[in-house]
Amino acid sequence: FTGYPIWFGFFGMWGAIAGADRDTSMLMFPQVTVLDLIISNFVLEFATATVVYLIMVVGVILIGRAQPPDDMMGLMFAFCACVWLGGAVGLTICSLKRFVPMIEQWMTPVRRMGIFISGVIFTAASLPSWMLPYVSWNPLFRAIEGARVCWYPSYQSPIADPGYVFLIGFCFTAFGIVAERLTRRYSTE
């Protein structure tokens, strides 16, 4: 439970932001830009994903009789970090597809494979130690491991690091904003 809903928030945000420029009916107004559509899609998807995640957490506690998270704020931070990371990657792809229109289709296998390399179906503690340096480059894997640590205090993750997730999210956001600004004058078609 600490893996899939967080991955779903990342995956949903990535898709919503990467396809934000598809709503061309709003772009006929001169004061509306693609960045406005990206921001509005981010707010909508973030609010929706957060409410769904909180309902799932409460539901699994009440219906599934699971223990409540030990650190609810840390759990929400891990969730928000994954959603933010998905938005930052989506912003980068939305900006770059003005020059490379096929980038969204090229990234589809990466998105699908991501569920297998992001720690959704396994934990870092269950991996062999020689594999940890390779999988620890994935910021989503580190955030999901952080969520596990926050839910189960007895679980000790060898790679949970919120600072790394923040750094990668900041870099993708900065790169996406710069790419959007540089490609703004080019057509989205």
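Trainee: How are α1 and α2 oriented to each other, roughly parallel or roughly antiparallel?

Mentor: This is a predicted model, where local features need pLDDT of at least 70, side-chain atom pairs count only at pLDDT 80 or more, and totals for chains, interfaces and linings use all residues. Residues are numbered from 1 along each chain as its sequence is written, and side-chain values use heavy atoms, leaving out hydrogens and water. The axes of α1 and α2 (lines fitted to C-alpha atoms, for helices over the stretch in contact, with angles from 0 to 180 degrees between N-to-C directions) come within 9 Å and cross at roughly 165°. Angles over 145 degrees count as roughly antiparallel and those under 35 as roughly parallel, so α1 and α2 are roughly antiparallel.

Trainee: And which residues of α2 make the contact with α1?

Mentor: Contact here means heavy atoms within 4.5 Å. From α1, the residues taking part are P5, I6, G12, M13, A16 and I17. Their partners in α2 are I38, N41, F42, E45, F46, Y53 and M56.

Trainee: Nice! How is α1 placed against α3, roughly parallel or roughly antiparallel?

Mentor: The axes of α1 and α3 lie 7 Å apart, and the two helices pack at an angle of about 25°. That angle makes α1 and α3 roughly parallel.

Trainee: How many nonpolar residues does the contact of α1 with α3 have?

Mentor: Residues such as F10 and W14 in α1 meet a set in α3 that includes F79 and L85. For the classes, Ala, Val, Leu, Ile, Met, Phe, Trp, Tyr, Cys and Pro count as nonpolar, Asp, Glu, Lys and Arg as charged, and the others, Gly among them, as polar. The contact has 4 polar and no charged residues, and its nonpolar count is 16.

Trainee: Is L85 buried or exposed?

Mentor: L85 sits in helix α3, and touches F10, P139, L140, I168 and G169, not counting residues up to four places away in sequence. Buried means under 20% relative accessible area, and exposed over 50%, with a 1.4 Å probe and protein chains only. The relative accessible area of L85 is 4%, so L85 is buried.

Trainee: Last one: which helix gives the most to the largest nonpolar core?

Mentor: A nonpolar core is a set of buried Ala, Val, Leu, Ile, Met, Phe, Trp, Tyr and Cys residues joined through side-chain atoms within 4.5 Å. The largest has 39 residues, with I6, F10, I38, Y53, L75 and F79 having the most contacts inside it. Among the helices supplying at least two residues each are α1, α2 and α7. The top contributor, with 12 residues, is α3.

Terms used:
Helices (H or I, at least four residues) and strands (E, at least two) are DSSP runs, numbered from the N terminus. Angles under 35 degrees count as roughly parallel, over 145 as roughly antiparallel, 65 to 115 as roughly perpendicular and the rest as oblique.
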